[in-house]
Amino acid sequence: MKIIFILPIIFCFSFFCKAFAKTNLRVEENILKNNFFELELESSWVTVTITDIGLNIATATLAEGFSTEFHVTAEYEASIFHFLDHKLDKDIEYTQSIGGEIVRKQYFISSSGSQSYGLQYQVETKGVTETYYKFHFDGTTTGYKGNDEQWLSVSVLLSDFGLNQNKPAFEEAKNIANKIQFTEGIPNPNKILPELENLQIGDSVNLDLNNSNDQAESIISLTRHIKNGPLSFFVSEDTNVNILECYHEFDSSTVGQLALIYDPSQSIAPAIAVGLDRQSQFSITADASYPATSMHIFTDFENRTLDQWASIQQSSWKNSPNGRIYSSTYFTTPSGFQGISIVRETGITRDYYIGIDLNNEAWESRNSLNYLSENLPLLRLQISGFNDPINNGFYPTALQIAKTFDFNQSIVTTLPLVNEINTSYANNSNLSLDRVIKDGPISFSIPSEIQIDWNQGYIERDSITKAQYNLNDVSNLISTNIAAYTEARFKSLNEWASYQQATWTSEDKGSLVSIQKFTTDDGEHNGIAIVRQLGTVQDYFIALDVSTDEWTERYDESDNALDHGWLKILMSGFQDPVIDGFYPVALSIAKTFEYDESFDPPTDNIFNESITPHNEIGSELNSTITDGPIEFLVKENTIVDFFENYNESNISTNAKYNLSLETTDSFKSLVIESEDFYSNLSDWAYYQKYAWENSDPATFTVARYFTTDYNSKGVLLIRENNSTRDFKIVIDLTNQAWKERHSLVSVSSEDAWLRAEFTSSNNPLHNPILDETFASAKSLHFTKTDAPIAPIFREISHLTLFRSGKLASSWYISDWFGTFFETESNWIYHELLGWMYAIEVTPTSGWFWHEGFDWLWTSESSYPYFFSYDTADWLFFDHKFLKEKKYYDFQQNKWVILDLLQKILEDYAGDEDETIIRIMKSSLLEKEKLKGIGGVILYGN
C-alpha cells in the first residue's frame, strides 16, 4: 500500500535556494525532527524510510512490529488554497470513493495549541477490515517565514492493515500524533477555521458523520412552508420573503418573482429596480447588499434546455478575469425536477445561480396552445445572489431551499375581481402642478420643484411603443418612475389591477391600504392606483390605459400586433414614506396625463452633432480583454467581470461586462447585443440625445461621431451637472460574417445590427473614467469572423485539480491543461505525459513529479511547455510522447527520446537494492524490467 499526502507549494523563479530547500528530516534519540517540528516516538517504532526531496516537503515511514505503520508528511510554505478544511474534504471524498466507512471526524486544538483535525475510517478488502487514523496539523507559528497565503502543513497517518488484533482506539492514535511540537514559535495560523475559533488546548468538536465538512453544505433548519400558486418551498423561520410578482400563467408567459433575506437584524427591504426590458416590457428586480437571494420563475424563450442556460453562465464565469468558478453541479429535487447550481468565488464573496427545469405535464398541457412552436419554451426557476459572503452567506441556504421546490400540478391560478379600498386615500396633494412635460403625443404636469430625467423619449416602432422618465425631489430621497409601453401580457387595465392585488395579498408582508379607480382630468383615460403599506413606508403602482383609436389603428397594422395590445402608462414607487411621501403627488400627476390624437410618428429623425468639442486626454491601456471574437483594452488595474460572455447560441447575440477600477468607486458597463428596434446608429443617437436634452438638471455637452481604431463607426454622448458626469458610447460592430449568421435565426430582423454600448453615470468631473472608457471603446473590435463555439456545461468540483470540468467518473478536462484521470492521492494520468504526481500551486499553474523528469512546472500561459527543475530549462510535449517517448529539450535544442531505465540506473547508482525496487515500481514494460533487474544482479550498479 502506497500512501502519499502532499500539499501545494509556492514557486518563485527568483529564489531557487529557498524554494527548493530541504527540511533536514531525521530521527535523533527517538525523536523525529526537522527544522520546524519535533515528534517524540516510543522506542518500539522503527524507522523504515525518510525522504527529504527538497521542495520543502519531507516524509517519514515508521513501523511497530509487522502490523502497524506510521507515516508523517511535512511541508513548509504550503498554499492556503488547500487548507485544513479542504484537506479534510479530500480525505472524506477519497474514503467514500473506495467504499470506506467513516467512523469519526473531529476538529481539535493540539497539545501545542495548533489547529488540527482527526479522521478515523475503515476499509474492507477481501474480508479484512483495515483501520486508518489520519491527523493533520496547522503548524504555522510566529517564527514562520512564509507569506500570508502560506502555512506549515504536517499530517500523520496510522494504519494497521487489518492485522493488529489490538487495534488502538481513536484517542490512543490521537495521543501518538498529538505529541508533535512546532519549534519556531507559538501557534500563529494565517486562516482561522470557524469551528475552532473558540476552542482551547485539548478541546475538540466532533463533526456529523453524515455530512461533508464543506461549509457550503452547512444545514439550516427549513420549517416554514411558502406556497405561491402551484409552487411551494421551505425556508427558515427567520427568512424574510417578499413576493414581487405572484405566480401566474398568462397566455404569452408564466411569471413569478420573490426576494428572500436571511438576516433577522435587517428590517429593511432590498432595493427595487424598475424599467423596460429588452422586449420593452416593464421589469422589476430586487437586490440587496447583505445576504439575500432572488427567485424568478419565467418562460425562457432563449434557452431550449437547462443545460444550454447553464453552459452560457458557466462559460461566462470561467472566461471572466474576475473570480473563479467554485463549483458547478447537477441535483434533483425530491419531486424529480432537474437542477443545476453554479458558484464562483471572488475574494471573500461568492456569486451564484441556481436553475431548475420546472416543465411538467400539467403546465405543458395548459400552455401548449399559446405557442406556435411544437417545442414549448423552458419553464425555468432561477435563484441568484451576488457578493454573498463565503462565511455566513446565503448560498448554502439558497441551495437547500432550491432542493425543496415542488409544483402542485392540480392547482390552476386565477385572478380575483378588483375590489376598491379606501378610494379617497391621498387624493389631495399640496403641491401645485405648474410645469407641463410634453414628449411626442404624451403630456403631463409636475411640480416645478421636481426634477425629471428622460431615460427614453417617446417612440413607436412596429408593435412597440415606449417611453420612460424618472421624477425626483430635490433631495433625491423619494422618487417615482414613469414608463409608457405596449402592454402585451395583461389584456386590460382591470386584469393588471387584479394581478397586482393578488400579488400584494399573497403574502404576510405589509397590507393593502388603497385600491382606487380614477379618470384623468380630461375625462379621456381610465386609471387604477394600488398602494400597500409596510410600517412607515409604502409601495405603489399607478396604471393608465391611454390607448386612442389612432394609436390602436397604427398598432393593429404592425407585423407583431396582438388582439389585446394596449398603450399603458405605469408609475411606480418603493419605500415611499407614508407621511410627506411622493405618492399623493404621483396620483395627481397621473390624473393630468393626456394623449394627442393628432400625433403622427416621425420617420425622418436626424442626429445632429453638438458644437461643443470633447478634448480627449490620452489614457494608457495595457491589458487586453478577449471574449470569443470580441477584444478590447483596459487599464491594468481594471476589474472586468463577465456577466454574460459573448454568445450567438440563443435567438439573439448577447454579451455583458461590468468594469470597475480598484482605485475608485466608478463603474461602467459594456453591453453587446443584436439591435433590431433602432434602425441604425444615428437613429439610436437621435433618441438618446433627445432624451438627455430634455432632462434636468444636467446639461448636454457632447454629441459626436467618431471612428474606432478598427474603422467601426461610433457615437459619444456626454451630459454634466455641477459636479458629476454621465456618458454613453455606442459602436456599430456589425460585420458581414455576423450579419449572415444572424439572418439564419428565424425570428431575426433583416435590418438588425450589432450594437456595443459603454455606459457610466454619476462620475465626478475630475474622474478619468470617461477618457479611459473612450480609449477602450476605440480599441473594441472583432478579432475573427468565425462563429463562436457553443459552450458545453460540465460539472466542476472545488476539490478537483484546477477545478476542471467532469467528463466521466474520475476523468476531467481543463480548458488549458487538457484531459486527465485523477486519483484521491494526487496521482493523475495525463493525456500527454501519462502518470504524474500533481501539486497545485495556484488555480492556473502547478508542479508535477514525473518518473522520467522528476519535477516539472507548467501554467495556463506556458502549457504544453514544462519547466524542468533538473535542467533549469523548458521541455515541450505533444502526443508523440506517450507512444514514442519523444519530447523537445530546449537545453539541447533537439527532440529527445526518454530512456527511463538509464535514468533509474543513473539516479540510484551505488545502491543496487534501491535500483531494483525503482525498476520494479516503474512504468517500464515487463520485459524491460526483467532486463534491467537482470543487469543489476549480474553487473551491479
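## A walk through the predicted model

Let us start with an aromatic cluster: Phe 802, Tyr 812, Trp 816, Phe 817, Phe 820, Phe 848, Phe 853, Tyr 863, Phe 866, Phe 877, Phe 881 and Tyr 887 form one such group. Rings of Phe, Tyr and Trp (its six-membered ring) pair if their centres lie within 6.5 Å, with planes under 30 degrees apart called stacked, over 60 edge-to-face and the rest tilted. This is a predicted model, in which local features need pLDDT of at least 70 and side-chain atom pairs count only at pLDDT 80 or more, while totals for chains, interfaces and linings use all residues. Residues are numbered from 1 along each chain as its sequence is written, and side-chain values use heavy atoms, leaving out hydrogens and water.

The structure holds 70 aromatic pairs. One of them joins Tyr 352 and Tyr 395 in a tilted arrangement, 5.2 Å centre to centre with 55° between the planes. This pair links distant parts of the chain, since Tyr 352 belongs to strand E22 and Tyr 395 to helix H6 (residues 395-402), 43 residues apart. Helices (H or I, at least four residues) and strands (E, at least two) are DSSP runs, numbered from the N terminus. Tyr 352 is buried at a relative accessible area of 0%, and Tyr 395 is buried at 3%. Buried means under 20% relative accessible area, exposed over 50%, and partly exposed in between (1.4 Å probe, protein chains only).

Back in the cluster, Phe 802 and Phe 817 make an edge-to-face pair, 5.3 Å centre to centre and 70° between the planes. Phe 802 lies in the loop between strands E44 (781-782) and E45 (805-808), and Phe 817 in the loop between strands E46 (811-814) and E47 (818-822), so the pair ties together parts 15 residues apart in sequence. Phe 802 is buried at 4% relative accessibility, and Phe 817 is buried at 0% relative accessible area.

Tyr 887, another cluster member, leads us to strand E54 (residues 886-889). Its covered face carries Tyr 887 and Asp 889, while Lys 886 and Tyr 888 are on the uncovered one. E54 pairs antiparallel with strand E53 (residues 873-876) over two bridges; strands pair if DSSP finds at least two bridges between them. Here Phe 876 has Tyr 888 of E54 as its bridge partner. Four bridges join E54 to the antiparallel strand E55 (residues 894-897), where Ile 897 is the bridge partner of Lys 886. The hairpin of E54 and E55 has four residues between the strands, and Asn 893 takes a positive phi near 55°.

Now for a helix. Eleven of the 14 residues of H4 are buried, so this helix is largely enclosed by the rest of the structure. Among the buried residues are Trp 309, Ile 312 and Trp 317. What covers them includes strands E20 (324-332), E21 (338-346), E22 (349-357), E23 (378-389) and E37 (638-647).

Towards lower residue numbers, an open sheet of four strands has the order E1-E2-E3-E11, with antiparallel pairing. Its edge strands are E1 (26-28) and E11 (180-182), each pairing on one side only. Within this sheet, E2 (residues 31-33) and E3 (residues 37-40) pair over three bridges, and Leu 32 has Leu 39 as its bridge partner.

Finally, Thr 141 sits in the loop between strands E9 (128-138) and E10 (150-159). This residue counts as buried because its relative accessibility is 4%. Leaving aside neighbours within four places in sequence, Thr 141 is in contact (heavy atoms within 4.5 Å) with Phe 182, Glu 184, Gly 185, Ile 186, Pro 187 and Asn 188.
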